[in-house]
Amino acid sequence: MSKERKVILFVCRLWLLIIFLATNFDDAHGWGSQGHRAIGYIAEFNLASETKKYIFEEFNINNLADVADWADKIRQKRRQESPWHYTNVRAGEWTYEAARDCPNGKCVTEKIKEFVAVLANIENPLKKRKNALKYLVHFVGDVHQPLHLGNRKDRGGNRIHVSYSGRKVNLHYLWDGGLIDWREESLQKYAKRLNIKLVDSEKKEWLNSEVNDWANESRYLALKYAYPLENMKLSKEYLSRSREILDQRMIQAGIRLADLLNQLFKSKK
Ligand SMILES: [Zn+2]
C-alpha cells in the first residue's frame with residue numbers, strides 16, 4: 001500500500017472512531033469523574049492503615065481515587081453493563097424493593113451486594129477480586145447519587161432539560177456533579193474540606209446502615225428535592241440546597257465505602 005493510501009486510511013479510521021465515540025456517549029454516568037474521584041479520596045482518608053496496606057499489597061492500588069471512574073470507562077465498551085450503575089424504582093414508590101425493582105439483579109443496589117461477596121471470597125482469582133473492588137469503589141458512589149434511584153420514564157432525569165449558567169443541560173448531569181464548580185479547588189482539597197467537617201456522632205449514625213438504606217435515602221432525596229422544579233426552573237434555593245445535598249452524599253459515600261472495605265479486609269490478613 002502506498003504511503004498516501006495508508007494516511008488516508010488512518011484518517012478515515014480516526015473519523016469513524018470519533019463518530020463512534022460521539023454517538024455512543026452515554027450521559028448517565030453517575031457523579032462524573034470528579035465526583036467519583038472525590039469520593040475515592042474521602043474513602044482513603046477513612047481507611048484503616050491495615051486496609052490501605054492490604055489494598056496496595058494485594059491489588060497494587062495506591063489510592064482508591066485512581067480507580068474510581070474505571071467502571072464508567074469500561075461501560076463505554078461493555079454497553080450491557082450500563083444498567084449496573086443505577087436502579088429505577090417504580091414510579092410513585094419511595095422505597096426500593098429488590099423483587100419489584102431489580103428482579104434480574106442487574107442494577108446498582110444488587111451489584112454492590114454481588115461484588116462485596118466476590119471480593120470477600122479469597123478463593124476467587126485475584127483479577128476477579130480486583131475488578132470487584134474497582135466496581136465497588138464506583139458503585140457505592142453511584143448509589144448515593146439521588147437520581148441514580150430515579151424514574152425509568154425520564155431515565156433518572158436524563159430526559160429533563162433545564163437551563164443552567166446559560167447552557168441547556170439535563171437534570172441528571174447537574175446531580176452528577178455538574179452543579180459543583182470543580183475548578184474552584186483541587187479534588188483532594190475538596191475531599192479534605194468535606195472530611196474535616198465530618199462530626200463523629202454524624203459519622204456513627206451514617207455508618208449504621210446498609211446498601212438498601214443508601215438506596216432509599218437517594219430515592220427520598222430524588223423525589224423530595226431533585227425532581228420538584230418550579231416551572232422547570234432552577235431557583236436559587238434549589239441550587240444551594242442541591243449543592244448541600246451533593247456534598248453530603250459524597251461524604252456519606254466516602255465514609256461508607258471506607259467502612260465497608262475496613263470490615264471486609266479486617267479478617268483477611
Ligand atoms: Zn456509574
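The largest nonpolar core in this predicted model has 40 residues. Leu119 and Leu261 are the residues with the most contacts inside this core. A second core, separate from the largest one, has 38 residues. Two loop residues, Asn60 and Ser165, have a positive phi although neither is a glycine.

**The largest core**

- Six helices each supply at least two residues of this core: α3 (49-59), α4 (70-74), α6 (108-120), α7 (126-144), α11 (211-226) and α12 (236-266).
- The largest share comes from α7, with 8 residues.
- Leu119 and Leu261 stand out here for having the most contacts inside the core.

**The second core**

- This core of 38 residues is separate from the largest one.
- Among its members are Tyr164, Val169, Trp175 and Leu179.

**Asn60, between two helices**

- Asn60 lies in the loop between α3 and α4.
- Both of these helices also supply residues to the largest core.
- The phi of Asn60 is positive, at about 60 degrees, although Asn60 is not a glycine.
- Asn60 is exposed, and its relative accessible area is 60%.

**Ser165, between two strands**

- Ser165 is found in the loop that runs between β1 (161-164) and β2 (167-170).
- Its phi is near 50 degrees, a positive value in a residue other than glycine.
- With a relative accessible area of 66%, Ser165 counts as exposed, because exposed means over 50%.

Notes
Residues are numbered from 1 along each chain as its sequence is written. This is a predicted model: local features need pLDDT of at least 70, side-chain atom pairs count only at pLDDT 80 or more; totals for chains, interfaces and linings use all residues. Side-chain values use heavy atoms; hydrogens and water are left out. A nonpolar core is a set of buried Ala, Val, Leu, Ile, Met, Phe, Trp, Tyr and Cys residues joined through side-chain atoms within 4.5 Å. Buried means under 20% relative accessible area, exposed over 50%, partly exposed in between (1.4 Å probe, protein chains only). Helices (H or I, at least four residues) and strands (E, at least two) are DSSP runs, numbered from the N terminus.
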